[in-house]
Amino acid sequence: MKAVEEGRGALGDWLEAQPHNFYDADPLLQILVREGGIGDRIETLEALGAEAAGPLDAAVIENNRPGNLPSLETFDGIGRHVAGIAHHPSYHRAGKFIYESGVMAAYAEIPNPHPLILSLFYLSAHVGEGGHNCPLACTAGLIRALQALGTEEQKAAWLPGLLTPVYGDHLVGAQFLTEVQGGSDVGANATVAERRVDGSWRIVGEKWFCSSADADLFVVTARPEGAAAGTAGLGLFLVPRDLDGEPNAFVLRRLKDKLGTRSMVTAEIDFEEAYAEQLGPLEDGFRNTMELVIDTSRLYNAFGCAALAHRAYLVARGYAEHRRAFGETIASYPLVKETLSMTRADAEAALAGSFWLARIQQRVDSGEAADDEVAFLRMGLNLNKVRTAQLSHDAVNRGIEILGGNGTIETFSVLPRLLRDNVVFENWEGTHHTLRMQAFKDAVRFGVHEGFFAVLEGRLGRDRLRGDRRAFEQCLEQRDTLLLRRVCDRLGSWIHLAELESIDDPGIRARAELTTTRHLSADPIRDGYRDLVERCAS
Ligand SMILES: Cc1cc2nc3c(=O)[nH]c(=O)nc-3n(C[C@H](O)[C@H](O)[C@H](O)COP(=O)(O)OP(=O)(O)OC[C@H]3O[C@@H](n4cnc5c(N)ncnc54)[C@H](O)[C@@H]3O)c2cc1C
């Protein structure tokens, strides 16, 4: 019995030793915050860091228990159509911590303070998607689109509610592009917009993946009648959930039964002549959707993945320090040490690269960025989204590995849920291939790779990037996308390394070296690779 008590006691010690503040437990974030010009916001970050490691985490765990997940309430008690969603009280407890941190309210500052906002988001994403973190990304994109494109009436109607930090008074956004016939191929959208005589619009069609489906205001892509096929003919529209207290003309067909992000509602929605307003010029609809809405979400996605990876590291490190096997704590075994170092290195790489992009986004917004930086951001956002999601997938998986069999148990730690969330993070806001292909197409059409490499070479030197630049340019010259996975993944790691190597900290430097050894040592062009791929398919 003594052995059993000791074993369970060690697990209790592990739980006790978990960080009480995710900001204090993150030396890299502290450095980035201090050096990134937001050192005066540390109090705000520390406050959310403590909540996220305590009551916010507990609320999200409770919300994800079977029976507490959201459900569809199509009609109210007396049969009126309400298109509603019922949430467990723990959902609202979690939301109060997140929104009242001021994360959305900070968008009132112009230019938007991306490093601050995304650091807050990173802290809240340590609990996983948590029911609110996807809606935050959607709301951020909506706010930025309204700030850039909204009429004075639209801004006055919506921005105060979207920017208030008061939970309950606040408004939430959503973004609906995907239809059943295609998500990556947004140009295949069949939803139409019909103009009304008063200049407003009617939206008719089906949206297949609608996250944050209980939002107050949706941004929707739709094709005005008679507009061109493909993305060129897509307009961007605002669709309010309610009109004078009644639901707008749409039906929540059903909620998706998802692998991950389960406490956040994703629905299929039929728009049945729903009232809509045009947002920005019709002919720029797709460009505005990508630059203001989707690019915003892609950076949120990357910070979210960095957070999942860092949480996995914290859980696993504590476990390894307390769990004993073969007479030793497992943290003393070289293979465990290596696993923890890899996990930490991947978490740091994801955060450092994403933080760099957030700083550049702020420079671009304020008009201070050079053309090369604008191009770097455009290509970097896509490559970074892919790479961070891959790293966090591996990091969470490795965290589970350190916990052994216990790692697979939903009630034992948050890691199984984080892994499931991560799979969703890898797919929404653009799949890996879609993002690689977008980098490729942007390079073919606009030559964005020139500015991208100029910025990266400025940080890392030409020699180190020579092989990857050659490989990427070879893809372009030959219009051949087979090598893109390998090249783009390496370019994602180079983005991370450029930022990591600028940080004067021996541990971070060592882990940056580990990243180089693991992800960047071999030349991406390998003789016989095409043959190998062919042979694999036979
Ligand atoms: C939980 C969840 C919530 C979501 N919420 C929303 C939302 O709120 N709003 C919204 O608009 N969308 C949402 N989505 C949809 C998401 O953005 C799409 O699933 C995603 O863009 C991929 O589209 P698809 O599923 O149609 O896959 P497809 O486009 O059919 O892709 C299938 C596969 O083909 C690959 N592929 C496609 N084109 C190419 C190519 N040219 N070269 C190589 N490979 C290619 C893809 O990478 C993928 O592996 C959500 C998805 C999930 C899972």
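Which residue has a polar side-chain atom 2.6 Å from an oxygen atom of the ligand? That residue is Thr431.

Before I go on, a word on the source. This is a predicted model, in which local features need pLDDT of at least 70 and side-chain atom pairs count only at pLDDT 80 or more, while totals for chains, interfaces and linings use all residues. Residues are numbered from 1 along each chain as its sequence is written, and side-chain values use heavy atoms, with hydrogens and water left out.

Back to the ligand. A polar contact here is a pair of N or O atoms within 3.5 Å; within protein, one must be able to donate a hydrogen and the other to accept it, and residues adjacent in sequence count only if both atoms are side-chain atoms. Besides Thr431, the side chain of Ser184 has an N or O atom 2.5 Å from an oxygen atom of the ligand. For Gly183 the partner is a polar backbone atom, 2.7 Å from a ligand oxygen. The ligand taken alone exposes 970 Å², of which the protein buries 65%; these areas come from the Shrake-Rupley method with a 1.4 Å probe, and for residues only the protein chains shown count as cover.

There are 19 residues around the ligand, where near means a heavy atom within 4 Å. They divide into seven nonpolar, ten polar and two charged. For that split, Ala, Val, Leu, Ile, Met, Phe, Trp, Tyr, Cys and Pro count as nonpolar, Asp, Glu, Lys and Arg as charged, and the others, Gly among them, as polar. Strand E5 gives the most to this shell, with three residues. Helices (H or I, at least four residues) and strands (E, at least two) are DSSP runs, numbered from the N terminus.

Just past E5, in the loop between E5 and strand E6 (217-224), is Ser212. Its phi is near 55°, a positive value in a residue other than glycine. Ser212 is buried, at 1% relative accessible area. Buried means under 20%, exposed over 50%, and partly exposed in between, with a 1.4 Å probe and protein chains only. Phe326 also has a positive phi, of about 55°, but Phe326 counts as exposed, at 80% relative accessibility.

Next, the interior. The largest nonpolar core has 157 residues, a core being a set of buried Ala, Val, Leu, Ile, Met, Phe, Trp, Tyr and Cys residues joined through side-chain atoms within 4.5 Å. Helix H8 (residues 285-322) gives the most to this core, with 17 residues. Phe271 is among the residues with the most contacts inside the core. Its contacts (heavy atoms within 4.5 Å) beyond four places in sequence include Phe176, Ile203 and Phe218.

Helix H5 (residues 114-124) has eleven of its eleven residues buried. Those residues pack against several helices, including helix H3 (42-63), H8 and helix H9 (334-365). In the loop between H4 and H5 sits Pro111, joined to Ile110 by a cis peptide bond with omega about -5°.

Last, two charged residues. Asp442 lies in helix H12 (residues 432-446) and is buried, with a relative accessible area of 4%. Among the residues Asp442 touches are Arg378 and Asn382. Arg518, in helix H16 (residues 506-519), is partly exposed at 27%. Arg518 is in contact with Met342, Ala345, Asp346 and Arg398, leaving aside neighbours within four places in sequence. Arg518 and Met342 are 176 residues apart in sequence and 8.9 Å apart in space, C-alpha to C-alpha.
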